[in-house]
Amino acid sequence: MDKLIIKGGRRLKGDVTVSGSKNAALPIFVATILTSGMNEIGNVPFLRDINTTIKVLESLGARVEGNGHLVRIDSSGINSHEATYDLVKTMRASVLVLGPLLARFGTARVSLPGGCAIGARPINLHLKGLQALGAEITLEHGYVEARAKRLKGARINFDISTVGGTEHLMMAAATAKGETVLENAAREPEILDLAQILIRMGARIEGAGTDTIRIQGVPELTPASYEVMPDRIEAGTFMIAAAITGGDIKIHGMKPEHLDALVFKLQDAGVEITSRDNVVRVKGPKKLRGVNIKTRPYPGFPTDMQAQFMALMCLSEGASVISENIFENRFMHVSELLRFGADITVEGNTATVKGGRKLSGAPVMATDLRASASLVLAGLAADNTTEVSRIYHLDRGYESIEKKLAGLGADIVRVQE
Ligand code: EPU
């Protein structure tokens, strides 16, 4: 297993380019199941979760060829309609194959994902939506089995905003008979990205990116070429890397409008952010101010930036109150940040960070992706050496993070444990 060794205290400067979005690429790969033929997906990030998705598609019978960041997926040979526990437990997003398999083949069997490090994460709303589209669903031996001759359009009102649920039902409804309306749909930019490739495949979708999505079912979809959007969470993580080291960096290829909530909070904390021609310059202040955040569905403050923002707040003057409202157990990084000497207390879904302390390097590890990112950020700002173990979590979602940070002047290396 690899770990990262970071010698903190360097101010980051220079240029960095954002990779394609993990959370957009995953459902886009899955959407190719709805077509029969060769799809071409560009700007794909090199990540462990992408490899897992490729394994899932190959296990179904698709042919996948990679050429750098361009991946070709030929889904004409799909002959299995089952995603096994082994694959789904490695990556929850694999459950998204259920709807597209069902829509194209009339039957699908997919393992239930179970909980994970950040919460229980049920898929009840995905299943309820598929039932509304006419699927017959049974749960047996840890698997969901779904059947339907042809799905039928329906009105679906989500109890809570769900990114995966919205994506899942948008895919399933694309070839259903008649109109589907998704109400209280999630509005994340990744949903719009998925809708755009589906539209290129011939789907008739309106309103993606708003809370009401209308889908007129078409008999079939055809293969398409598409470029994945930039990863807004990777971009946000670099913004905090600049802020936490008092650095001055330029981030290329990001879409700042996807990160408004983070940008406003960073500015409140004293970080200077300017943007021109798709390049965002981030300058960390001498002194950071403590600000409060509440995670919310998009366009609110993203839960996927909460851990990294907490690392930043450990260095600010004054206190910061951080409420996590999306996942019930997403404070796993707190106990590790305490190992750097941070002062954080947690009550329910609220963490209070008393900033202004120096962080001191320590051996740490985390149990999920964004928590691991927060430890790397703390390590960049801490005295002495930090060792971050279990970085396979980071490899799920950040392409070459140590190379990109080293390119900005960080003293960071990957070694085998
Ligand atoms: N929920 C339910 N029932 C459902 C679906 C969701 O109760 O049927 C709950 C979840 O348990 C959670 C809340 O609704 O409390 C929101 O979950 P959502 O479905 O929106 O999350 P997701 O689709 O499982 C995606 C990202 C996550 C990101 C969340 C929230 C992907 C592959 N994953 O997960 O990304 O945190 O949306 O924005 O797109 C990450 O990249 O580190 C990550 C965890």
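Student: In this predicted model, which loop holds Arg390?
Tutor: Look at the elements on either side of that residue. Strand β23 covers 385-389 and helix α13 covers 392-397. Arg390 sits in the loop between β23 and α13.

Student: What is the phi of Arg390?
Tutor: Most residues other than glycine have a negative phi. Arg390 isn't a glycine, yet its phi is positive. The value is near 55 degrees.

Student: Is Arg390 buried, partly exposed or exposed?
Tutor: Its relative accessibility is 28%. Buried would need under 20% and exposed over 50%, so Arg390 counts as partly exposed.

Student: Where is His141, another residue with a positive phi?
Tutor: His141 isn't a glycine either, and its phi is about 55 degrees. As for the place, β8 (136-140) and β9 (143-147) are the elements to check. His141 is in the loop between β8 and β9.

Student: And is His141 buried or exposed?
Tutor: The cut-off for exposed is over 50%. His141 has a relative accessibility of 70%, so it counts as exposed.

Student: Which peptide bond is cis, with omega near 10 degrees?
Tutor: Most peptide bonds are trans. For this one, go to the loop between β18 and α10 (306-313), where Pro299 is found. The cis bond runs from Tyr298 to Pro299.

Student: What is the strand order in the open sheet that contains β18?
Tutor: It's a sheet of four strands with mixed pairing. At the edges stand β18 (293-294) and β20 (343-347). Each of those has a single partner strand, so one side of each is left without a neighbour in the sheet. The full order is β18-β19-β21-β20.

Student: In β21, which residue is the bridge partner of Asp343?
Tutor: Strands β20 and β21 (residues 350-354) run antiparallel, joined by five bridges. Asp343 is where β20 begins, and its bridge partner in β21 is Lys354.

Student: Over at β4, which residue of β5 stands opposite Glu65?
Tutor: β4 spans residues 63-67 and β5 spans 70-74. The two run antiparallel, with five bridges between them. Opposite Glu65 stands Arg72.

Student: Which residue takes a positive phi in the hairpin of β4 and β5?
Tutor: There are two residues between the strands of this hairpin. One of them has a phi near 65 degrees, and that's Gly68.

Student: β5 also pairs with β3, so to speak; which residue in β5 stands opposite Ile41?
Tutor: Strand β3 covers residues 38-42 and is joined to β5 by four bridges. Those two strands run antiparallel. Facing Ile41 in β5 is Val71.

Student: How do β3 and β14 run, parallel or antiparallel?
Tutor: Strands of a sheet pair through backbone hydrogen bonds, either parallel or antiparallel. Three bridges join β3 to β14 (residues 225-227). Glu40, for instance, stands opposite Ser225. The direction here is parallel.

Student: Which elements do the buried residues of α5 pack against?
Tutor: Helix α5 covers residues 124-132, and Leu125, His126, Leu127, Gly129 and Leu130 are buried in it. Just after the helix, Gly134 takes a positive phi of about 100 degrees. The packing partners of those buried residues are α4 (98-105), β8, β9, β10 (155-157) and α6 (163-174).

Student: Which residues is Ala174 in contact with, leaving aside its neighbours within four places in sequence?
Tutor: Ala174 belongs to helix α6. With 0% relative accessibility, it counts as buried. Its contacts are Ala203, Ile215, Gln216, Gly217, Val218 and Leu221.

Student: What separates the C-alpha atoms of Ala174 and Pro285?
Tutor: Along the chain, the two residues are 111 residues apart. For scale, the C-alpha atoms of the whole chain fill a box of roughly 60 × 45 × 40 Å. The separation of this pair is 48 Å.

Student: What radius of gyration does the protein chain have?
Tutor: The chain has 14 helices and 24 strands, and 55% of its 417 residues are buried. Among contacts between residues at least 6 apart in sequence, 73% join residues at least 24 apart. A compact globule with 417 residues would have a radius near 22 Å, which agrees with the chain's own value of 21 Å.

Definitions and conventions: Residues numbered from 1 in each chain as written. Predicted model: local features only at pLDDT ≥ 70, side-chain atom pairs only at ≥ 80, totals over all residues. Heavy atoms only, no water. Rg over C-alpha atoms; globule rule 2.2 N^0.38 Å. Buried < 20%, exposed > 50% of the residue type's maximum accessible area, 1.4 Å probe, protein only. Contact = heavy atoms within 4.5 Å. Pairing = 2+ DSSP bridges.
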